[in-house]
Amino acid sequence: MNIPKGHQQLMPYLILENPRDFIRFASTVFDAVPGNEHLRDDGVTIMHAELKIGECTIMFAQATEQWTLQTANLFIYVNDADKSYATALESGGISVMEPADQSYGRACGVKDPSENTWWITGVQ
């Protein structure tokens with residue numbers, strides 16, 4: 001299998017109302033690094049874009065009449081769940097689950113401005 005560099009065998013693909021908000025949120029909260037970005041002929045609408053968080057790639061595009069909204073639940077490990085939770089709320093996220101100790105670690109949940117839910121777990 002010849003997978004392109006920087007890609008994995010399985011990657012989420014989201015269709016978002018405002019992908020610029022998604023880029024800002026993920027970059028601020030999870031240190032995501034924007035990658036490829038291609039615009040539609042109008043020069044404004046994102047036809048395809050990518051973010052890298054660690055070794056993982058998330059692909060996404062802007063919703064259109066043809067390609068309607070498709071958000072996701074995303075599970076992410078972080079160094080400090082409480083810090084990521086606070087940063088997420090400061091960045092426009094809405095609490096889904098406050099940080100709490102679970103059998104698998106310190107965990108919480110936040111819905112981002114693009115309607116994706118991030119399940120955040122600390123790995124200390």
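Here are three short exercises on aromatic pairs and a helix, each with a worked solution.

This is a predicted model, in which local features need pLDDT of at least 70, side-chain atom pairs count only at pLDDT 80 or more, and totals for chains, interfaces and linings use all residues. Residues are numbered from 1 along each chain as its sequence is written, and side-chain values use heavy atoms, with hydrogens and water left out.

**Exercise 1.** Work out how the rings of Phe22 and Phe60 are arranged: stacked, tilted or edge-to-face?

Start with the rule: rings of Phe, Tyr and Trp (its six-membered ring) pair if their centres lie within 6.5 Å; planes under 30 degrees apart are stacked, over 60 edge-to-face, the rest tilted. Here the centres are 5.1 Å apart and the planes meet at 70°, so the pair is edge-to-face. Next, place the partners: Phe22 sits in helix H1 (residues 19-30) and Phe60 in strand S4 (residues 56-62), so the pair ties together parts 38 residues apart in sequence. Helices (H or I, at least four residues) and strands (E, at least two) are DSSP runs, numbered from the N terminus.

**Exercise 2.** Decide whether Phe22 is buried or exposed.

Buried means under 20% relative accessible area, exposed over 50%, and partly exposed in between (1.4 Å probe, protein chains only). Phe22 has 0%, so Phe22 is buried. Phe60 is also at 0% and counts as buried.

**Exercise 3.** Check what span H1 should have.

The expected span is 1.5 Å times one less than the number of residues. For the twelve residues of H1 this gives 16 Å, and the end C-alpha atoms are 16 Å apart, which agrees. After H1 comes Asp31, with a positive phi near 55°.
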